[in-house]
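Work through the exercises below with the structure open beside you. Try each task before reading its solution.

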Amino acid sequence: MAGNELPSLGRVKLSNLVASEGLPTDSYKLSVSTLCHSLAQYSAAIIQFSSCDGALLRSGLESARLYFHQRPSYPGVDMIHSSESQEWCRTSGYYVDPEWWQESYDYRPGLTHLETVSEMEIPPAGLVDVFKLLAKAARDVLDAIGFNLNLRSSPFTEILDSVPLRSREISSSVLSVSCHARPSFHGAHDNLASHDDGHLTMFPELDYPNDKSLISIVKSDKAGLHIRDFHGHWVLVDADLGPQEAVIYPGLALYQATAGYISPAVQRIEVSNPQGNVYGRSSLIFKLMPKSMTNLNCSEMIAAGHGVEAHFQLPVPVDDFMQRSHPADQLFNRHTLSNFNFPVQDGSMKSLVRRRKNNSRCKSLPPSKRLRLEAQRVLKDRVQEIADKKGIKLRFCSLKECENHIHSLDSPCAHIRMEIGWPPGVPFVHPHDLPNKAKIGFLEAYEPGWSITHDMELSLIEPGHSSQHTD
């Protein structure tokens, strides 16, 4: 890569990334090449909008500044949320994340109502127009990446929202208007941690938020966004942006969908010093997200002839992908960045089966005990999580009485079974007490493909132990 390294982030005119019918133009091929070289080297690039669109972005930033600076110095308790406390595809309106000293207003078409609630609560202006502008730009960038990977045109359409949204649909993508540590925000300065070098940093070392989008676009009024480059160095990517320019970077969802060919940006926001006048850094952040009710898979990469490792060939439910944590240390080694562990639905599992067969610790356990331990794990990690999110307290039936319940729609446990997605035909009893065949049905319901990935076959379960376990 050394011979092709760019001296700085690649700059590309957005108009040159818009695909057209027929053969690609020289300007299109050059722009795509510059974009993808920049993403490979810096995990970011700079896109240049037209003068008219640049004016819209600047107007949006000015509206953001006015919106946050007119707010009270400390928000109400109901406005305080951490980054983990909300459904990823349901954020809307104003909220505060005290962990990062960040205030945000999320605009999500289909969910956010921009009507003025009161004279004291006027949302930022121009959100509809800014959302449309950045959404179109993000899709153009995504298509350009697909072209560079030799994928068919619009390869990611199936995992993106409809354009326009259909009736009652809610956008998975979101436009966040945010402000970091505004001067009038109570406690913002007190919470910033000082370092010996006189600098102030907003994010603790080795504790960076991971962006799970396909593509993100950021336009800020002050520099402060650092992204880790190919060599592991932090690069200030928005230090010299022009009035019509914005930063784009790929997220974890694109990494997954391209089988690791596009590395995700590892980022942090740093406050240099008070004299740098970076308090109250306002930003427009658009995140192009996959639909929640779909899977991330690498079928397009396989169809284009790319080598795809076995673990990338397993479809990953988007909702599970978004809700699971992705440790930052996994993102620092670009070449050995491992895939994340998710329940799988189908696909090639031969290598995973081989790894399971070579696991002597698993092979040493009797099948009945393996089933029992796995059932307890899934109950704790999957079922209980679903119940907690829906405010349901699990009260299991006895095996004998529930044999009749599962055939009735008005049984005492029918509502709970439906709410938590309990598998049909499996008695609603503690998984520890389920017969072995029912245990496998339970495991398959919450982790599709479980029996294949664990090399578990019914023939391995002793007939005499179909209901009881003697370990």
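**Exercise 1: A pair of helices**

Helix H10 (residues 367-389) packs against helix H13 (residues 436-446) at an angle of about 40 degrees, and their axes are 10 Å apart. This comes from a predicted model.

Task: Classify the orientation of H10 and H13, give the handedness of their crossing, and describe the contact by residue type.

Solution.

Step 1. The angle between H10 and H13 is about 40 degrees. Angles under 35 degrees count as roughly parallel, and those from 65 to 115 as roughly perpendicular. The two helices are therefore oblique to each other.

Step 2. H10 and H13 cross in the left-handed sense.

Step 3. H10 brings Ser368, Leu371, Arg372, Glu374, Ala375, Val378, Leu379, Arg382, Val383 and Ile386 to the contact, while H13 brings Asn436, Lys439, Ile440, Phe442, Leu443 and Tyr446.

Step 4. Sorted by type, the residues of this contact are 10 nonpolar, 2 polar and 4 charged.

**Exercise 2: The sheet of 8 strands**

Task: In which order do the strands of the open sheet of 8 strands lie, and why is one side of E1 and of E3 left without a neighbour?

Solution.

Step 1. The order is E1-E2-E11-E8-E13-E5-E4-E3, and the pairing is mixed.

Step 2. Strand E1 (11-13) and strand E3 (93-97) are at the edges with a single partner strand each, so one side of each has no neighbour in the sheet.

Step 3. From one strand to the next, the twist averages 25 degrees.

Step 4. For one pair in detail, take strand E4 (residues 102-107) and strand E5 (residues 174-180): they run antiparallel and are joined by 6 bridges. Within this pair, Glu103 stands opposite Cys179 in E5.

**Exercise 3: Helices on the sheet**

Task: Which strands do helix H2 and helix H3 meet?

Solution.

Step 1. Helix H2 (residues 51-69) lies across E3, E4, E5, strand E8 (215-220) and strand E13 (281-288), at about 120 degrees to E13.

Step 2. Helix H3 (residues 127-148) touches strand E2 (45-48), E4, E5, E8, strand E11 (245-250) and E13. The direction of H3 makes about 55 degrees with that of E13.

**Exercise 4: The sheet of 3 strands**

Task: Which strands stand at the edges of the open sheet of 3 strands?

Solution.

Step 1. The order is E10-E9-E12, with antiparallel pairing.

Step 2. Strand E10 (234-236) and strand E12 (267-269) are the edge strands, each pairing on one side only.

Step 3. Ignoring direction, neighbouring strands here are turned by 30 degrees against each other on average.

Step 4. Strand E9 (residues 225-228) pairs with E10 over 3 bridges, and Arg228 stands opposite Trp234 in E10.

Definitions and conventions
Residues numbered from 1 in each chain as written. Predicted model: local features only at pLDDT ≥ 70, side-chain atom pairs only at ≥ 80, totals over all residues. Heavy atoms only, no water. Pairing = 2+ DSSP bridges. Helix = DSSP H or I, 4+ residues; strand = E, 2+ residues; numbered from the N terminus. Axes fitted to C-alpha atoms, helices over the stretch in contact; angles between N-to-C directions. Contact = heavy atoms within 4.5 Å. Parallel < 35°, antiparallel > 145°, perpendicular 65-115°, else oblique. Left-handed = near helix turned anticlockwise from the far one by under 90°. Nonpolar A, V, L, I, M, F, W, Y, C, P; charged D, E, K, R; others polar.
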